[in-house]
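Colleague: Could you take a close look at one strand for me and walk me through what surrounds it? I'd like the neighbours and the side chains in one go.

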Amino acid sequence: MTKARRGKAASSDGCFAPPAALALQAGPAASRSVIPLNPFFTRAPYAPLAMDELLQEFIAETRETLQALAGEIVAWEADPADRARLDAIFRFVHTVKGSCGFLDLPRLERLSHAAEDALGAVRDGSRTPHTGLVNAVLAVVDRIGELTEMIDAGQPLDGSDDLLIAALAEDATPGSVAPMVDPTSQTAPTSGAARANSRSVRLHVDLLDRMMSGMSDMVLARNELARTLRSGTHDPRTEAALERLSATVADMRDAVTRTRMQKVEALFSAVPRMVRDTAAELGKTVTLTVDGADVELDREMIELIRDPLVHIIRNSVDHGIETPAERRAARKREAGQLLVSARQSGNQIVIEVTDDGRGIDVARLGAKAVAAGLRGEAELAGMSDTQRLQLIFEPGLSSRDTVTATSGRGVGMDVVRTNIEQLGGRVQLLNRPGRGLTIAIYVPLTLSILSTIVVGVGAERFALPRQAVEEIVTTTSVGVRLDQVGDATLATVRGRRLPLISLADLLRVPGGAAGALAIIATRDGDYALAVDSVLDTEELVVKPAAPAVMATGFYAGQTLPDSGRPMLLLDGAGLALAAGVRFGRALLREEHEADQAEPGMTALLFEGLDGRRRLMALAAIDRVETVGRDAVRFSGGRLRLAIDGRIIPLVAAGDAGDTPRMIVLRVSDGVTEVAYAIADPLEIVTLPPELAQGDRDEVAGVALLNGEQVELLDAHALLAAAGAGTVERPLCLLAGDGSGWMETFLKPTLEGAGYRCVSRLAAGETPSVTLALDDGPETSPDAVKLTRDQGGPHGIYRYDRAALLAAVASRVARGGR
Amino acid sequence: MMELFLIAHVAGRAIAIDGAQVDSVVDLGEVVPVPGAERAVRGLAALRSRVVTVIDTGVALGKSPMPADARRAVITRIDGHHYALLVDALEDVAPFVRQPVEGGIALTGGWAEAAVGLVEREGEPVLALDLARLVPGVTTSEILAA
C-alpha cells in the first residue's frame with residue numbers, strides 16, 4: 001500500500017515532500033561525473049531518498065509554514081470574515097493532512113482532517129466562525145506543531161487529541177468526531193496549484209557554507225592566475241578572458257552571499273501571535289507595531305536571536321506593561337503599546353523592543369540586589385543609577401516580586417545578554433521610569449559582505465568598516481594639526497577637536513610615522529585614528545573571529561581578502577574603549593541620566609522662534625535634529641514634519657523665517673512623537689528645585705536661571721495636543737467595491753486626518769476601523785457604512801466629510817474591531 | 001576499547017590526540033599576528049579559503065614558545081571556529097586503549113589542565129591531551145557541553 005501511494009503522491013505533486021526530494025536527487029546525479037566524491041562522504045549523494053528523509057522534509061516544511069502562519073492566525077481571529085486568511089490556514093491543515101496519510105502519521109492526520117472539515121464548512125458558508133471555533137482551530141494548529149516537534153525529537157507521542165477534535169465540532173460534542181480519512185481523497189487541486197508556483201528549494205546551511213568556501217577558493221585561484229598571467233605574456237585574448245572570468249566570479253560571489261541573507265520578517269512573523277497569547281494569559285491588552293521587517297540579516301544570526309527576542313518581548317508584556325486598571329490609574333491608554341523594530345545602523349543591525357509600561361524601578365532593583373546578597377548596602381550606595389540599572393543583568397535577579405507562568409522563572413536577562421554577546425552583539429537599556437523601557441539588541445552584520453577601508457600600520461594591515469569612517473585626512477594637509485595635551489594627543493581637523501588614538505601604540509605594533517587620520521564615528525562620539533597609510537577599499541566577507549581574538553576588544557571579526565592573507569576587522573567603538581577615550585555625553589545618554597538625577601531636573605535651554613529663551617525637560621527630548629524646510633508642510637490642518645519615513649506633528653511657536661533648514665526638538669514618550677521647532681539650542685542646565693507654577697497649558701512652570709525668568713515647556717501638554725498625529729497611526733481598512741473610489745477620494749482625506757489606509761491587510765495587521773460601501777461586498781459588522789446617495793437609510797452619505805470623520809474617530813476611540 | 005590517536009611531539013614530549021578531534025594535519029603558510037591577543041595566540045593563517053587561529057601549543061601548555069618558524073599544525077574545530085595547534089613533529093595515527101591518568105602522576109600547570117588520559121605505546125606511557133583545553137578563550141562549560 002505504501003509503495004503505491006508513494007508513487008502516486010510523487011507524481012501528482014499533491015504532497016509537498018516529493019518535489020523537494022526530486023530536486024535533491026536531480027542535482028548531484030546530473031553532475032556525478034564532475035564532482036569527485038569525498039571519501040568521507042559515506043552515502044552516495046544520488047541514492048534514492050529514504051522514508052525518514054521525506055519525514056525530515058515534512059517536519060522542516062511544517063515548521064516553516066507554522067512560523068509564517070502565526071501572523072495569519074491572529075489576523076483571522078481579529079476578522080474571522082477574512083477569506084484570504086481562512087484560505088491560508090485551510091491550505092496548511094490540508095497540506096499536513098495530505099502528507100500525513102502518505103507518511104503514515106495517523107495522529108497528525110486525524111487532527112488536520114478534523115480542522116480541515118471545520119474550516120471547509122466555514123469556507124463554503126455552512127458554518128460561521130466564532131471565537132470558540134477560532135480557539136479550537138488555534139489549539140489544533142498548536143498541537144500539530146507540538147506533535148511535529150515530538151516526531152522530530154523521536155519522542156513518543158503522548159496525550160490525546162480527542163478533546164481538541166471534539167471542540168471543533170459544530171455542536172461541540174465528542175460524538176461527532178470526524179471519521180478516519182479515506183486516503184485516496186487526499187490530493188485536492190488547491191494545494192497542488194499553490195505549491196507548483198513556488199520556485200524555492202530548501203538547502204542545508206552546510207551546503208551554503210561549502211558554496212561560500214568554494215567561492216572564496218575560486219577567487220583566490222583567479223587572483224593567482226591573474227598574477228601568473230601578468231608576469232608573462234600579454235595576450236589580449238587571454239586578458240579579455242580573465243576579465244570576463246573576474247566579472248563572473250564577482251557576480252557569483254554576490255549571489256552566493258545573498259543566499260545567506262534572510263529578511264528579519266522570518267523572526268518577526270511569530271511576534272503577533274506570541275504577544276497575543278502572552279497578553280491574553282495575563283489579562284492585558286497590547287497594541288503591537290512591527291517595523292522594519294524587510295531588513296536583511298544572516299540566516300544563522302536570525303536563528304540565534306530568536307530566543308533572546310522572545311524572552312525580551314515576553315518580559316515587556318509581563319513585567320513592563322501594566323494591567324488595564326493600573327494603566328487607567330496612571331492616565332495611560334488602556335492598551336499597552338509595544339513597538340518591535342529592526343533597522344540597520346552602520347555595520348550593525350539594531351532590534352528594538354519598546355513598551356510604554358512602568359519601566360524599571362531602579363531603587364527597588366537595588367534593594368532586591370542587596371536582599372539577594374548580590375551587592376552590599378555600601379556598594380550599592382556608591383553606584384550610579386546607570387550602574388544600578390545594569391543589575392538587571394545579574395544572574396538570579398528579577399525586577400518582579402512574583403513568579404508568573406510567563407517569565408521570571410530563572411532564565412533572565414543575564415542569559416539574554418550572554419547569548420547576544422556571544423554573537424558579538426550587545427544589549428542596551430533605555431529606561432524611562434513610569435513611562436516604559438526600550439531594550440535594544442545590537443548585532444553585527446557578520447557573515448555578510450562589508451564595505452571596508454584597508455589601513456596599514458607597520459607591516460600589518462587592518463580593515464575598518466566603511467560606515468564607521470566619517471572621512472580620511474592626511475596628517476600633512478592644511479587644516480589638520482596634532483597637539484600633545486598632557487599625555488594625550490589631540491587632533492584638530494578644520495577647527496574640530498578630536499581625541500586621537502594611535503593604532504600603532506594601541507596595538508603595540510612597531511609603526512611608521514602616522515601618515516593619515518581616519519575620523520571614526522561611534523555611538524558615543526567621534527575620534528581620529530592615526531594610521532601609517534590608507535591602502536585600499538575592499539568588499540569583504542567578515543566572519544566572527546575566535547573567542548581569544550575577540551577577547552582583545554579591538555576586533556569585530558576576521559576576513560580573508562583576495563590577497564589570501566588573513567586580515568582583522570577593527571571595531572571602532574572597541575578601540576575607543578580600549579584607549580580610554582572619553583567623549584562628551586551624547587544627548588541620548590543625558591536623557592537616561594536626567595530621569596534619575598537627584599537634585600534637580602536637567603533641561604535644555606534654547607532660543608525659541610520668537611527669540612525668547614525657554615526650557616524643555618531633557619528627559620522628554622529624544623533628539624535635537626536639523627531638518628530641511630522642504631520636509632515641513634502645512635497639511636491636514638496642522639504643521640507636519642516628514643522625518644525617518646514618518647509624519648509627525650510639528651509645533652512652531654513663532655515664525656521660522658525663510659532659512660532652508662530649521663532645528664527641531666523631537667519630543668517623544670517612546671510611542672507618541674512631536675517635533676518642536678526652535679531657533680537655537682543653547683545649553684543644558686540643571687533646574688532649581690522650586691519652579692513657579694505656570695497658568696497656561698503649554699507651560700509647566702517658570703524657573704529662575706541666573707536672575708532670568710525662563711519658561712519650562714510642558715512636554716506632556718505638547719504630546720497630548722498632538723492627538724491623532726501619533727507615531728502609530730490608526731489603521732483604516734478600505735473595503736471598497738473594487739471601483740477605486742475609496743482609494744481615490746477617501747484615502748487622501750483619511751490620511752490627512754492622521755490615519756493609515758490600506759485596501760488589503762498585510763500579515764498580522766488588524767484594522768482599527770473598516771470602511772465599506774453599503775451596497776459593496778460584505779465586511780465586518782462593525783464597519784462604517786457609506787451610502788452612495790444622500791439620505792440613504794443605513795450609513796453615512798459618502799461625501800458628508802464631517803460625519804464620516806466623526807464616525808471613523810469614534811470607532812478608533814473605542815478600539816473598534 | 002581501542003580508539004584512534006594521533007601521536008605528536010610538543011615541548012619535547014610525545015602527546016596523544018584523540019583522532020575525533022583532528023580535522024586534518026597541515027603545514028601552514030604565513031601567520032599574520034593578532035596584536036593584543038594573549039601570547040598563546042600566534043596569529044591567523046589561511047587554510048585554503050578558511051581563516052584558522054594559530055595556537056602556540058608550547059605557550060598554551062605553560063612552556064616556552066615554539067620556534068618562530070614552526071609551521072606544522074593539527075587543525076581542530078571547536079565551537080564553530082577552526083584552530084591550528086602548532087606541533088614540533090607528527091608521528092602516526094594508531095589505535096590505543098585510553099587509560100585514566102593515575103593518581104600517582106604529579107602533573108602541573110598546562111599539562112594537568114589538558115590531560116584527559118594515558119595511552120601506552122610500546123610500553124611507553126604517552127599523555128592524551130584534549131585540544132579544546134589548550135585553546136584560550138574556550139571556557140570549561142563549553143568543553144563540557146561539547
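**A strand and its partners**

Modeller: Sure, and keep in mind that this is a predicted model. Let's start with the pairing: strand β31 of chain A (residues 731-735) runs parallel to β33(A), and four bridges link the two. To find your way in, look for Leu733(A), whose bridge partner in β33(A) is Thr770(A). β33(A) also pairs with β34 of chain A (residues 784-787), again in the parallel sense, this time over three bridges. Here the contact to look up is Leu773(A), which has Leu786(A) as its bridge partner in β34(A).

Now for the side chains. In a regular strand they alternate between the two faces of the sheet. In β33(A), Val769(A), Leu771(A) and Leu773(A) point one way, while Thr770(A) and Ala772(A) point the other way. Both sets are buried. So Thr770(A), the bridge partner of Leu733(A), is buried, and Leu773(A), the bridge partner of Leu786(A), is buried and points the other way from Thr770(A).

How does that add up for the strand as a whole? β33(A) covers residues 769-773, and five of the five are buried, so the strand is largely enclosed by the rest of the structure. Buried here means under 20% relative accessible area, and that cut-off is the one to have in mind as you go along Val769(A), Thr770(A), Leu771(A), Ala772(A) and Leu773(A), which are all buried.

Technical notes
Residues numbered from 1 in each chain as written. Chains lettered and ligands numbered in written order. Predicted model: local features only at pLDDT ≥ 70, side-chain atom pairs only at ≥ 80, totals over all residues. Heavy atoms only, no water. Buried < 20%, exposed > 50% of the residue type's maximum accessible area, 1.4 Å probe, protein only. Pairing = 2+ DSSP bridges.
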